[in-house]
Amino acid sequence: MSSMRIQSWLKTCSTATATQQSTIPIDTSSSRYYSSGSEALSSSTTSQESSSSTTPTLLSDLSIQTLPSLPSLQKLTPQNLNFSVSHHCQTTFTLQPQREHSRPVTSLALHGHLLYAATAHQINVYDLNTCATLQTLNSEYPSSGSTKAITFCNGMVFTTHQDCKIRVWNSNKHRMLTALPTTNDRLRRFLFPKNYVTVRRHQKRLWIEHADAVTGLAVSKFNDFIYSVSWDKTLKVWRVSDLRCLESVKAHEDAVNAVAVSKDGTVYTGSADRRIRVWARANGEKRHALVATLEKHRSAVNALALNDDGSVLFSGACDRSILVWEREDSANHMVVSGALRGHQKAILCLINVSDLLLSGSADRTVRIWKRGFDGQFCCLAVLDGHRKPVKSLAASVQVRHEDEDSQNDIVSVFSGSLDGEIKIWKVSLASLPTDLLRN
C-alpha cells in the first residue's frame with residue numbers, strides 16, 4: 001500500500017506556483033501549541049511531486065523551469081577546487097531477493113560498523129565489513145506499514161512508521177523497548193478531556209499521539225530532545241531521558257515531510273505546503289515559538305539538511321531544486337543565497353557529511369556537492385545506476401592521508417532506491433599537491 005502511495009506521489013510532484021518572499025512576517029496565530037491539552041487540531045495529508053528526465057551529467061542544462069529568479073551557485077568544477085574525483089559502484093544487493101517484486105528501500109542509517117536498511121515494515125541490520133545480515137527488526141509488526149526514518153540516541157534506535165508510532169529499540173540486542181507515546185504517558189493523560197484533540201471528523205486523539213505517518217526524526221544534543229514530524233501537520237517534542245512527549249505544535253498547513261535541528265537547538269521543518277519553518281525555544285520558556293517562515297520553493301519540500309556548524313541549511317523539493325539558505329548576521333534566521341540545479345526530477349533526500357552534501361532524486365541519480373570559495377558550489381560526481389528513484393542516503397568519510405600539500409578522502413555512499421536495491425559506492429577525492437599546481 002505504501003509502495004503504491006509513493007509511486008502515485010512521484011507522478012504528481014511538480015506544480016509551478018508563483019515565487020514568493022524568502023522570509024515572511026511571523027504569524028503566531030497559524031501555529032497551535034499543546035503542552036498539557038489545548039484546542040482542537042485537524043489533520044489531513046497531501047503531497048506533491050514532479051517529473052522530467054534527461055541524461056545526467058556534471059554540468060547538466062541549468063535552464064530548467066525552477067526558481068529562475070535565484071542565482072545558480074553551481075559555478076565551480078573539481079579542477080577549480082584542485083580536486084581529482086573518481087567513483088565506482090562497489091556492490092549492489094537487494095533486501096528481499098526472494099520476492100518477485102522487491103519492496104522499495106525507504107530509509108537508510110549508519111551507526112558504527114552497522115547499516116540499518118528499511119523496506120516495508122522490516123528493518124535489516126547489516127555488518128558493513130561482511131555485508132551479512134545480522135538481525136531484522138519489526139518483523140513481528142507487519143501492520144505498522146513502511147518505515148520512514150531511523151535515528152540513534154543514548155544507546156537506543158528510534159524508528160518511525162506509517163502506523164503513527166515511533167518505536168524504540170535497544171541498540172545492542174535490538175530488542176524493542178517501547179513505542180511512543182509510552183503507556184505511562186498515555187495513562188497520565190487519557191482521563192482528562194482537555195488532553196484530547198480532534199484529528200478528523202468525529203475522531204479524537206490524545207495530543208501526544210501522531211494521527212498520521214511519522215515522516216521524520218531529529219535528535220538535539222543541545223537540549224536532550226527528539227523532534228518528530230508527521231503527515232498530520234504537527235511537530236512533537238520528546239524528552240530522551242524519560243521518553244515523554246513535552247509539546248505538540250501545529251507546524252504547517254499541509255503534511256510535514258522533513259525536520260532538522262542545529263547544534264544550538266534551532267529546529268527546521270519542511271512541508272508539502274512549500275514552506276520551511278524555523279522554531280526555537282527562548283531561555284526560560286517551556287514551548288517552542290515560530291521564529292521565521294522561509295518561502296521560496298514552488299512545490300512540496302521533501303528534505304532538509306544542515307552543515308556541521310548549522311550556519312547553512314539545504315532544502316530539496318519537488319521543483320527539482322536544492323536551495324541554499326545562510327544565516328544572516330543581522331538576524332537569527334536564514335535567508336536564501338541561491339540554488340543548486342542539475343537534478344531533473346524531484347529531490348527526495350539530502351544528507352550532509354563533513355563538508356559534502358549528497359542529494360538523491362526521482363531522476364534515479366545521486367549527486368555529491370562541495371562548497372568552494374565565495375559561497376559557490378561544485379558538483380563533484382553524479383552516481384547513476386538505479387532503476388527507480390533514490391529515496392534514501394547514508395554516507396561516511398574516511399581520511400586516508402592528509403598533510404600540508406594534499407588530502408585524500410574515501411567517501412562510502414549508500415543509496416537506497418524504490419527498485420528495492422542498495423548500492424554501495426566508493427568515491428575517491430584527492431586534492432592536488434601545491435607544487436604540482438605551481439608547475
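A residue is taken as buried when its relative accessible area is under 20%. By this criterion, 57% of the 439 residues of the protein count as buried. The model is a predicted one. Its exposed surface comes to about 18,800 Å², of which carbon and sulfur atoms supply 47%.

The secondary structure consists of 3 helices and 33 strands. Contacts between residues at least 6 apart in sequence were also examined; 55% of these join residues that are at least 24 apart.

Several of the strands were considered in turn. Strand β21 is formed by residues 276-280 and is joined to β22 by 5 bridges, the two strands running antiparallel. Within this pair, Ile276 stands opposite Leu294 of β22. Strand β22 itself covers residues 289-294, and 5 of its 6 residues are buried, so the strand is largely enclosed by the rest of the structure.

A further set of pairings involves β24, β25 and β26. Strand β24, residues 312-317, pairs with strand β25, residues 322-327, in the antiparallel sense, and 5 bridges connect them. In this pairing Gly316 is placed opposite Ile322 of β25. The two strands form a hairpin in which 4 residues lie between β24 and β25. In the turn of this hairpin, Arg320 has a positive phi of about 75°. Strand β25 also pairs with strand β26, which is made up of residues 334-340; this pairing is again antiparallel and extends over 6 bridges. Here Val324 stands opposite Gly338 of β26. Strand β25 is thus paired with β24 and with β26. In a regular strand, side chains alternate between the two faces of the sheet.

The surroundings of one residue, Ser417, were examined individually. Ser417 belongs to strand β32, which spans residues 407-417. The relative accessible area of Ser417 is 0%; this value is under the cut-off of 20%, and Ser417 is therefore buried. A polar atom of the Ser417 side chain lies 2.9 Å from the backbone oxygen of Pro389. Pro389 is also among the residues that Ser417 touches when those up to four places away in sequence are not counted. The other residues touched by Ser417 on this basis are Pro104, Val105, His386, Lys388, Val390 and Lys391.

Key: Residues numbered from 1 in each chain as written. Predicted model: local features only at pLDDT ≥ 70, side-chain atom pairs only at ≥ 80, totals over all residues. Heavy atoms only, no water. Buried < 20%, exposed > 50% of the residue type's maximum accessible area, 1.4 Å probe, protein only. Pairing = 2+ DSSP bridges. Contact = heavy atoms within 4.5 Å. Areas by Shrake-Rupley, 256 points an atom, 1.4 Å probe, with all protein chains shown as cover. Polar contact = N/O pair within 3.5 Å; in protein donor to acceptor, adjacent residues only side chain to side chain.
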